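Me: I am new to this structure and would like to go through it slowly, asking at each point what a term rests on.

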2 protein chains.
Amino acid sequence: MSSVAKKTVGTGAPETTSTSQATAERIPAAQRRALILEAATGVFAERGYAGSTTDQVAKAAGISQPYVVRMFGTKETLFLEALDRAQGKLLRAFREVIAAYDAGELTEELQHLDAAAGSGRPEQLKQLMAIAYADLIEDRGILMMLMQAFVAGHEPAIGARAREGFLDIYRLVRDEAGLLPETARDFLAQGMLMNTLIGIRLPEIYEQDSTAEELLECTLRSKLPMVLKASKAQRRAG
Amino acid sequence: MSSVAKKTVGTGAPETTSTSQATAERIPAAQRRALILEAATGVFAERGYAGSTTDQVAKAAGISQPYVVRMFGTKETLFLEALDRAQGKLLRAFREVIAAYDAGELTEELQHLDAAAGSGRPEQLKQLMAIAYADLIEDRGILMMLMQAFVAGHEPAIGARAREGFLDIYRLVRDEAGLLPETARDFLAQGMLMNTLIGIRLPEIYEQDSTAEELLECTLRSKLPMVLKASKAQRRAG
DNA sequence: GGTTTAAGTAATCATTCGATTACAACATCC
DNA sequence: GGATGTTGTAATCGAATGATTACTTAAACC
C-alpha cells in the first residue's frame, strides 16, 4: 500500500548529476494526485487530521513535502479530498451490492446468510452490505479515514462534510436499500462499532485476551479471519 | 462547565503589586488537579489528543500553561488521566443503574420502558443503561473523551488504555448486567452510533435537515430534547 | 536544437507547542 | 517574624510543522 521513495535508478553508470538529488519518478500530475490521496488516506486514518503532517503524507507517497502542499493547497483540502474519496468508495461498495442483488447475481451469497434475520429484500441487503462493509476493513484506510472525520467535527469545514457524508450513507441505506429507519440505524450502529474495534486495534490482542476474542467473534463473524490477517499484515508494515 | 480565568479580585483599592500579575485563586493542589482534569476532558473531547494544546487546557482551567504541565508531567499523562476519569464516570453510571434496579428502586422508570423489547432483567437493564448513557451526553465531555481515545489507538500508551477500557465496559455489560454477547454487542453499537452523531454535531442541524431529524429521533428517542438543549447551550458557550 | 511547459526538490521562514527554568507571592509553622 | 513549603506565573527554548520561494530537470513542442 505505502510505496517507498525511489531514486531515479541510473543505468549503472555514476549519477548523471554531481549533486545526488533524490527525485521521484516523473508521472503525470493526475496520477500523482491519486497516489498522494491514497497515501494521505492511510496517514490520516492512522493518526487523525491534527496528528498527521504533510511530510508524513509526502514520505508515504514517495515525494517531497512541498509538492504535496502545492498540489492540494493546504492540509485541510487534502484531508477533505481524501475524505471524499473514502466516502465515495463506501457508497460505491454499497451500491454495487444493491445492484448485484437486484440483478440476481448473488444467489450463491444468499445461501450463506442468516435466514433467521428474515428473507425480504431489506433484510438480505442489510446482511450483504454488512459483509461489504467488513470487506472494506481490509483496506483499513477507508473506514478509519471516515471515523477520523467523524471526530474532527470541531473543524468547521471537516465537520460540515462529515455531517453531509454521514447523512448520505444513511439515506442510501434507507432509500436505496429500503431499510426502515430503525433498521438503518441498527445497521449504522454496527458499522460504528466495527470502526471502534478497529480504531482501538482490538484484533492485535485477539490471541491474548479471551474477552477481545469473544467481542470480535460476535461482531465480525465470518469476516474475522480476514480482519485478523489484515491486522497482522499492517503490524508488519508498521 | 468551563470556568473563566479570574484575577485575584482586589478590595477595590488599587492593585497591591505594581506589576499586575494575573494569579489564579490559590486552592489546594488536589482540587486544582480535579479542575484541570475537568477542563482537559472538555478540551480533549472537543479537539482530540493531537489537536489539543496544554495551553488550551490551561486557559479552560483558568491557570497558566506551565502549571498544567508541571502538575501532570506531560500532555500524554494528562490525557490518560482524563481518560481514566471519563471511563470511571461511565462505569459508575452503569453500576448505579444496576444497583438501583436490583434494589427495586426503579419501579417508576420501568413503566416507561419498551415492553416489546422484553421484560427480563437483561432486557430491562439494557434499556435503562441506554438511558443512563444518553444522559451522559449532556456533559458532552465524557463520551467524546472516550471516543477520542478510541481513534487515537496509534499512540501506544493511549491505545493500550483504550483497549482495556473498552473491554472493561463490555465485561460490565455482559457480566454485571447479564447481557448475552450479542445483546451486549448491540448495546455497545448503539452507544458508538450516539457518539458518532454527537461527534459530527448532528444536533446542530436538527432543524434544517429532515434526514438528520429522523436519524436523531430514532436514535435518541426520549433523550433527544435534552441533547438538543445541551447542543444549543454548548454552541452559545462555543 | 532550442524553447517552453510540467514535475519535482532544497532551503528556509514564521508559528506553534510542549517543556524547562527561574522567580514571585501566599500560607504555615516554630 | 523569619524560615519553609506550596501555589502559582513570566520568560524562554528547542523542535516540529505548514507553507513559500526559488531552483532544477525531464519531457513535449515546433
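Reply: What follows takes up the DNA contact, then the interface of the two chains, then one helix and one loop residue.

Me: Before that, what kind of model is this?

Reply: It is a predicted model, and the values below are computed from it.

Me: Which residues come nearest to DNA strand C, and what makes a residue count as near?

Reply: A residue is near when one of its heavy atoms lies within 4 Å of the strand, and of the 24 residues around DNA strand C, A:Glu25, A:Arg32, A:Ser64, A:Tyr67 and A:Arg70 come nearest. On the DNA side, sugar and phosphate account for 61% of the atoms that come within 4 Å of the protein.

Me: How do you know that A:Ser64 makes a polar contact with DNA strand C?

Reply: The cut-off for a pair of N or O atoms is 3.5 Å, and a side-chain N or O atom of A:Ser64 is 2.5 Å from a phosphate oxygen of the strand, so the pair qualifies as a polar contact. A:Tyr67 also reaches a phosphate oxygen, with a polar side-chain atom 2.7 Å away, whereas for A:Arg26 the partner is a base nitrogen of DNA strand C, at 2.9 Å. The elements giving two or more residues to this surface are helices H1 and H3 of chain A and helix H3 of chain B, and H3(A) provides the largest share, three residues. By residue type, the surface near DNA strand C divides into nine nonpolar, nine polar and six charged residues.

Me: Why is the pair A:Arg174 and B:Glu214 called a salt bridge?

Reply: The rule asks for a side-chain nitrogen of Lys or Arg within 4 Å of a carboxyl oxygen of Asp or Glu; the closest N and O atoms of A:Arg174 and B:Glu214 are 2.9 Å apart, and therefore the pair meets the rule. The count between chain A and chain B is four salt bridges, and 18 residue pairs are found in polar contact across the interface, both residues being at pLDDT 80 or more. On the side of chain A that touches chain B, the largest share, 12 residues, comes from H9(A).

Me: How much area do chain A and chain B bury between them?

Reply: They bury about 3,900 Å², with 65% of it on carbon and sulfur atoms. In chain A, the residues that lose the most area to chain B are A:His154, A:Arg163 and A:Ile200, which together make up 16% of what that side buries. The contact takes 44 residues from chain A and 44 residues from chain B.

Me: Which residues of helix H10 of chain B are called buried, and why?

Reply: B:Thr211, B:Ala212, B:Leu215, B:Leu216, B:Cys218, B:Thr219 and B:Leu220 are called buried because each has under 20% relative accessible area. Their cover includes helices H8 and H9 of chain A together with H6, H9 and H11 of chain B. At the N-terminal end, B:Asp209 caps H10(B), with a side-chain oxygen 2.7 Å from the backbone nitrogen of B:Thr211, and just after the helix B:Arg221 takes a positive phi of about 50°.

Me: Where does A:Arg221 lie, and what is in contact with it?

Reply: A:Arg221 lies in the loop between H10 and H11 of chain A. Leaving aside neighbours within four places in sequence, A:Arg221 is in contact with A:Leu216, B:Glu182 and B:Arg185.

Note on methods
Residues numbered from 1 in each chain as written. Chains lettered and ligands numbered in written order. Predicted model: local features only at pLDDT ≥ 70, side-chain atom pairs only at ≥ 80, totals over all residues. Heavy atoms only, no water. Polar contact = N/O pair within 3.5 Å; in protein donor to acceptor, adjacent residues only side chain to side chain. Helix = DSSP H or I, 4+ residues; strand = E, 2+ residues; numbered from the N terminus. Nonpolar A, V, L, I, M, F, W, Y, C, P; charged D, E, K, R; others polar. Buried < 20%, exposed > 50% of the residue type's maximum accessible area, 1.4 Å probe, protein only. Contact = heavy atoms within 4.5 Å. Buried area = accessible area lost by both parts, 1.4 Å probe.
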